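Let's take a friendly walk through a protein model together. Have the sequence and the 3D view open as you read.

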Amino acid sequence: MTSELPPGGIPITEAEADARWAHAWSPAQAAERLAGLTAPWYVAGGWAIDLFTGGPVRPHGDLELAVPAADFPELRARFPEFPFDVIASGHLWPAAGPELYEQTHQTWLRDPATDHFLLDVFREPHDGPVWICRRDPSIRRPYESVIRRTGDGIPYLAPELALLFKAKYVRPKDQRDFEAALPLLDAAQRGALAELLEQVHPGHAWLAQL
């Protein structure tokens with residue numbers, strides 16, 4: 001992914017985006033559409049913490065999923081009636097095609113009848129079956145160690161990794177997710193999160209609680 005924005009993007013404000021996310025799908029709805037998908041995919045963000053804790057921890061403004069970038073077409077094929085819009089740095093490219101994928105990593109599934117956004121899909125860096133962290137490409141894990149599953153089979157990002165992504169900004173919702181997940185993290189997960197924070201965010205405030 002390059003650091004320069006591709007041409008032709010339409011500015012979208014945070015308020016406008018929030019309003020159009022008001023009818024986002026739930027993880028169960030996404031899992032129903034993606035049943036049997038061979039590509040490794042998972043629920044990310046705050047919903048991943050909900051699925052880990054048994055939630056709900058808090059309300060959610062969207063539903064974030066992730067899939068290896070090379071496998072995005074397989075996921076895309078499950079939603080033939082919906083356009084995917086590329087989003088980057090507050091700009092939107094409606095129904096953008098693969099020519100923009102290498103320059104960005106987010107795609108929003110849109111209901112063409114209402115213009116509501118339903119899913120936020122991250123096209124993740126990877127090396128074949130190995131997951132690569134966007135925040136630090138030296139962090140690499142086989143997908144089977146990155147993905148956890150609920151009792152009814154919904155895949156979600158391992159909590160120590162979901163919290164690593166949240167640690168960059170520590171917005172109120174991120175702090176709330178951390179506090180909800182912390183008592184449920186086992187010793188290995190706490191140790192892994194502490195190690196990752198030391199590597200990516202040295203001196204992070206959460207380290208004192210781990």
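The paragraphs below cover helix α8, then the nonpolar cores, and then the salt bridges.

This is a predicted model, in which local features need pLDDT of at least 70 and side-chain atom pairs count only at pLDDT 80 or more, while totals for chains, interfaces and linings use all residues. Residues are numbered from 1 along each chain as its sequence is written, and side-chain values use heavy atoms, with hydrogens and water left out.

Let's begin with helix α8, which covers residues 187-200. Helices here are DSSP runs (H or I, at least four residues), as are strands (E, at least two), and both are numbered from the N terminus. The expected span of a helix is 1.5 Å times one less than its number of residues. For the 14 residues of α8 that gives 20 Å, and the C-alpha atoms at its ends are indeed 20 Å apart. At the N-terminal end, aspartate 186 acts as a cap, with a side-chain oxygen 3.1 Å from the backbone nitrogen of alanine 188. Such a polar contact is a pair of N or O atoms within 3.5 Å; within protein, one must be able to donate a hydrogen and the other to accept it, and residues adjacent in sequence count only if both atoms are side-chain atoms.

Which residues of α8 are buried? They are Gln189, Leu193, Leu196, Leu197 and Val200, where buried means under 20% relative accessible area, exposed over 50%, and partly exposed in between (1.4 Å probe, protein chains only). Seen down the axis of α8, these buried residues fall within an arc of 100°, so they line one face of the helix; the arc is that of the directions from the helix axis to the C-beta atoms. Ala187, Ala188 and Glu195 are exposed on the face turned away from that buried side. Among the elements covering the buried residues of α8 are α3, β10, α6 and α7.

Now for the interior. In soluble globular proteins, nonpolar side chains tend to be buried together. A nonpolar core is a set of buried Ala, Val, Leu, Ile, Met, Phe, Trp, Tyr and Cys residues joined through side-chain atoms within 4.5 Å. The largest one here has 61 residues, and Tyr42, Leu75, Phe79, Leu119 and Trp131 have the most contacts inside it. Helix α6 (residues 159-166) gives this core its largest share, five residues. Apart from it lies another core of seven residues, including Ile12, Ile87, Leu92 and Trp108. Leaving aside neighbours within four places in sequence, tryptophan 131 is in contact (heavy atoms within 4.5 Å) with residues including Tyr42, Pro125, Leu161 and Phe165.

Finally, look at the charges. The structure holds eleven salt bridges, each a side-chain nitrogen of Lys or Arg within 4 Å of a carboxyl oxygen of Asp or Glu. In one of them, aspartate 177 meets arginine 58 at 2.8 Å, N to O. Aspartate 177 lies in helix α7 and arginine 58 in the loop between α3 and β3, so the pair ties together parts that are 119 residues apart in sequence. Aspartate 177 is buried at 0% relative accessibility, and arginine 58 is buried at 10%. Both belong to a salt-bridge network with Lys166, Arg171 and Asp174.

Another salt bridge joins aspartate 85 and arginine 110, with their closest N and O atoms 2.6 Å apart. This pair links strand β4 to strand β6, 25 residues apart.
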